[in-house]
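Subject: Structure handover

Hello,

Here is the structure I said I would pass on. My notes on what was found in it follow below.

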Amino acid sequence: MSRIGKKPIDIPKGVEVSIAPDNTVSVKGPKGQISYKFHPNVSIVKKENQIVVERKSDDPFSRAIHGTTRALLNNMVKGVTEGFTEELEIVGIGYRAAVKGNNLELTLGYSHPVIYPIPKDVQITVENNTNIKITGVDKQRVGQVAAEIRSFREPDPYKGKGIRYKGEVIKLKAGKTVGKK
């Protein structure tokens, strides 16, 4: 039995959970609403103020999807109550970011500014022109948006310039060395 999968998920006050017959779960809370259709090999049951995930068979795939389903459900409940945040830092002289309307405008040393349209389900704020904060209710979506923004200028292995996750350590390589012959 999956140790993660067998743990019930507590539903906090102010959160509504509805489970459709086709394994589509909708969670609504103070921060927003999220829904997801889960695999039919697991059954999702709401008991009083808890969600319990049970698998229908004992084959390896069902055992694997059991814990994954429980973790995704837990993230849905946590997302609508607390939300998820990802922070990025921009390192480099002249590199900066700004939110203009529904777009994130990044100046990253290219001949043109990089314009990233902000998705509707995610909020992006910029502090001090170099710190980007991405928040939302869907953990996967917040992480995906952060990865897309980071991909515009990944950290350089020689100088360390670029966009990195907050707290990310970049191991710098040694540059060219001039030696005697």
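Of the 181 residues of the protein, 33% count as buried. Please keep in mind that this is a predicted model. The accessible surface comes to about 11,400 Å², and carbon and sulfur atoms account for 50% of that area.

Overall form. The radius of gyration is 22 Å, whereas a compact globule of 181 residues would have one near 16 Å. Along the principal axes, the C-alpha atoms fill a box of roughly 70 × 50 × 25 Å. The protein has 2 helices and 13 strands. If you take the contacts between residues at least 6 apart in sequence, 49% of them join residues at least 24 apart.

Helix H1. This helix covers residues 60–81. Its 22 residues should span 32 Å at 1.5 Å a residue, and the end C-alpha atoms are 33 Å apart, which agrees. The buried residues of H1 are Ser62, Ile65, His66, Gly67, Thr69, Arg70, Leu73, Met76, Val77, Gly79 and Val80. What do they pack against? The partners are strand S1 (9–10), strand S3 (24–28), strand S4 (33–37), strand S5 (42–47), strand S6 (50–55) and S7. After H1 comes Gly83, which has a positive phi, near 85 degrees.

Helix H2. The second helix takes in residues 139–150. For its 12 residues, 1.5 Å a residue gives an expected span of 16 Å, and the distance of 17 Å between the end C-alpha atoms agrees with this. Val142, Val145, Ala146, Ile149 and Arg150 are buried in H2. Seen down the helix axis, these buried residues fall within an arc of 135 degrees, so they line one face of H2. An α-helix has 3.6 residues a turn, so residues three or four places apart point the same way. The buried residues of H2 pack against strands S7 (84–91), S9 (103–107), S10 (114–117), S11 (122–127), S12 (131–136) and S13 (162–165). Strand S7 therefore appears in the packing lists of H1 and of H2. At the N-terminal end, H2 is capped by Asp138, with a side-chain oxygen 3.3 Å from the backbone nitrogen of Gln140.

Two residues with positive phi. Asn23 is not a glycine, yet its phi is positive, about 70 degrees. Asn23 sits in the loop between strand S2 (16–19) and S3. Is Asn23 buried or exposed? Its relative accessible area is 10%, and the cut-off for buried is under 20%, so Asn23 is buried. Glu48 is likewise not a glycine and has a positive phi of about 55 degrees. The loop that holds Glu48 runs between S5 and S6. Glu48 counts as exposed because its relative accessibility is 77%, and exposed means over 50%.

Tyr36. This residue is found in strand S4. With 44% relative accessibility, Tyr36 counts as partly exposed. Leaving aside residues up to four places away in sequence, Tyr36 touches Asn23, Thr24, Val25, Leu72 and Met76. Met76 is one of the buried residues of H1. Thr24 is 12 residues from Tyr36 in sequence, and their C-alpha atoms are 5.5 Å apart in space.

Regards

Definitions and conventions
Residues numbered from 1 in each chain as written. Predicted model: local features only at pLDDT ≥ 70, side-chain atom pairs only at ≥ 80, totals over all residues. Heavy atoms only, no water. Helix = DSSP H or I, 4+ residues; strand = E, 2+ residues; numbered from the N terminus. Expected span 1.5 Å × (residues − 1). Buried < 20%, exposed > 50% of the residue type's maximum accessible area, 1.4 Å probe, protein only. Arc of directions from axis to C-beta. Contact = heavy atoms within 4.5 Å. Polar contact = N/O pair within 3.5 Å; in protein donor to acceptor, adjacent residues only side chain to side chain. Rg over C-alpha atoms; globule rule 2.2 N^0.38 Å. Areas by Shrake-Rupley, 256 points an atom, 1.4 Å probe, with all protein chains shown as cover.
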